Amino acid sequence: MEFKDYYATLGVSESAAPEEIKKAYRKLARKYHPDVSKEADADEKFKDVGEAYEVLKDPEKRAEYDQLRQYGSQGGQFEPPPGWESAAHFGGGGYTHADARGFSDFFESIFGGGGGQRGGFGFRHQASMRGEDVHARLSLFLEEAFHGCEKQVQFTVHEMDEHGHVRARQKTLKVKIPQGMREGQHIRLKGQGAPGIGGGEAGDLFIEVELAPHPHFTIEGRDIFVTVPISPWEAALGATITVPTVDGRVNVKVPKGSSSGRKLRLKGKGLPGKHPGDEIAVLQIVMPEQHSEKAAELYAKLAEAEPAFNPRSKLGV
Amino acid sequence: MAKSEPIYDVELIDAHTTFTLREFCERGEVHAEFVIKLVNYGVISPVEEGEVREWCFDLPALARLRKAQRLQRDLDLNVPGLAMSLDLLDDVQSLRREVERLNHQLRQLMGDW
């Protein structure tokens with residue numbers, strides 16, 4: 001396995017004082033906290049920072065790590081020296097999210113751990129315990145959310161083995177997503193979380209739905225917005241145009257004299273449900289890239305026919 | 001013969017899916033005292049349901065509780081600090097969404113599809 005340089009992770013020198021290490025950790029923990037950061041690898045970075053701090057904040061672990069660092073950081077693959085055994089017993093708890101199930105193989109190879117002990121909170125002292133709920137996210141394309149679909153959901157369940165150690169297990173389920181799911185909406189699969197202990201009920205799996213960005217449509221609640229380009233003559237004279245919806249094309253009447261930004265509401269064409277949303281077509285007047293000579297003449301005539309129109313009157317010019 | 005994979009039906013969570021204080025603490029793995037503190041600081045609110053005297057919480061409150069718990073554990077925040085952080089994070093999230101939506105519209109208006 002790869003040698004992890006905990007000093008580099010926290011951006012401190014080998015001789016850094018405990019206070020300096022704590023300060024660096026706090027700053028990075030705030031920066032990469034998965035509930036705060038939007039960086040794609042925030043979760044991973046946060047774990048690395050937590051793991052580095054778990055070792056460097058503890059004088060005993062730090063001394064052992066320094067010793068191994070001499071031995072192991074000479075490049076290439078790292079294996080602990082034969083017969084290596086850490087004196088520091090890792091039991092979890094403390095200031096960080098100290099729970100060995102989140103730490104790397106590198107950490108475990110040095111300090112052991114073998115999974116955190118579960119419990120320590122109020123209701124967890126009972127002999128029979130309800131299994132942990134699992135909270136997962138599922139990204140859907142708008143079309144999938146609109147029509148409903150079958151999806152594979154992957155998630156991690158923490159189970160206790162016969163020695164009372166928590167082990168992570170990957171689970172995959174195929175689930176039926178109902179039609180009309182909105183961004184941020186939740187579904188539940190009862191009993192698909194972690195198994196209970198001592199006859200306790202299994203936890204539930206909660207899935208939060210998120211919608212992947214669509215090239216044409218944007219979503220607000222149950223309403224679907226689409227920008228629809230129209231020609232200047234369609235805007236001026238009115239027209240029946242074809243507009244895309246998630247459920248196929250529909251014909252829509254553009255009222256004559258429409259400006260850019262005018263919104264046409266297509267009732268019930270938004271996300272389906274008990275109270276279905278609407279589709280809102282936002283008109284946008286576009287010009288052809290090139291006009292024919294005839295068209296240019298007609299525009300000139302148009303300019304003559306409408307001398308009083310000042311599109312910039314609101315600007316006071 | 002290959003066994004066909006089961007397809008699970010799901011339960012849609014709506015405003016009527018609520019948890020009692022006990023269930024809420026159990027699912028969030030917290031003491032009731034922590035929940036009471038969060039309610040007193042307005043970080044989470046119980047669902048108001050007419051005559052019901054017992055506190056009930058919905059799923060968004062559970063998600064907020066879990067977030068509060070993570071922030072407290074990882075960043076060593078006290079409850080007033082948690083309350084402010086969570087409010088600011090909510091604001092940031094809705095602003096990010098708004099910016100994303102407006103950028104999308106702007107790209108379309110500029111003809112950059």
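**The A–B interface**

Let's start with polar contacts: 12 residue pairs make them between chain A and chain B, counting pairs with both residues at pLDDT 80 or more. Keep in mind that this is a predicted model.

Which elements of chain A face chain B? Those giving two or more residues to that side are α2 (18–32), β2 (149–160), β3 (166–177), β4 (186–189), β6 (217–220) and β7 (223–230). By residue type, the side of chain A that touches chain B splits into 17 nonpolar, 14 polar and 17 charged.

Now the charges. There are 6 salt bridges between chain A and chain B. One pairs the side chains of A:D35 and B:R70, with N to O at 2.7 Å.

Next, the extent. Interface size is often quoted as the accessible area lost when the parts come together. Here, about 4200 Å² is buried between chain A and chain B. Carbon and sulfur atoms give 54% of that. The contact draws 48 residues from chain A and 36 residues from chain B.

Strands also cross the interface. β3(A) runs parallel to β1 of chain B, residues 7–9, and 3 bridges join them. Which residue of β1(B) is the bridge partner of A:V175? That is B:Y8.

Last, confidence. The predictor gives the complex an ipTM of 0.80 and a pTM of 0.74. Chain B has a mean pLDDT of 87, and 92% of its residues reach 70 or more. Within chain B, where is confidence lowest, and where is it highest? The low end is strand β2, residues 11–12, at a mean of 87. The high end is helix α2, residues 32–40, at 94.

Technical notes: Residues numbered from 1 in each chain as written. Chains lettered and ligands numbered in written order. Heavy atoms only, no water. Contact = heavy atoms within 4.5 Å. Buried area = accessible area lost by both parts, 1.4 Å probe. Salt bridge = Lys/Arg side-chain N within 4 Å of Asp/Glu carboxyl O. Polar contact = N/O pair within 3.5 Å; in protein donor to acceptor, adjacent residues only side chain to side chain. Helix = DSSP H or I, 4+ residues; strand = E, 2+ residues; numbered from the N terminus. Nonpolar A, V, L, I, M, F, W, Y, C, P; charged D, E, K, R; others polar. Pairing = 2+ DSSP bridges. pLDDT = per-residue confidence, 0-100.
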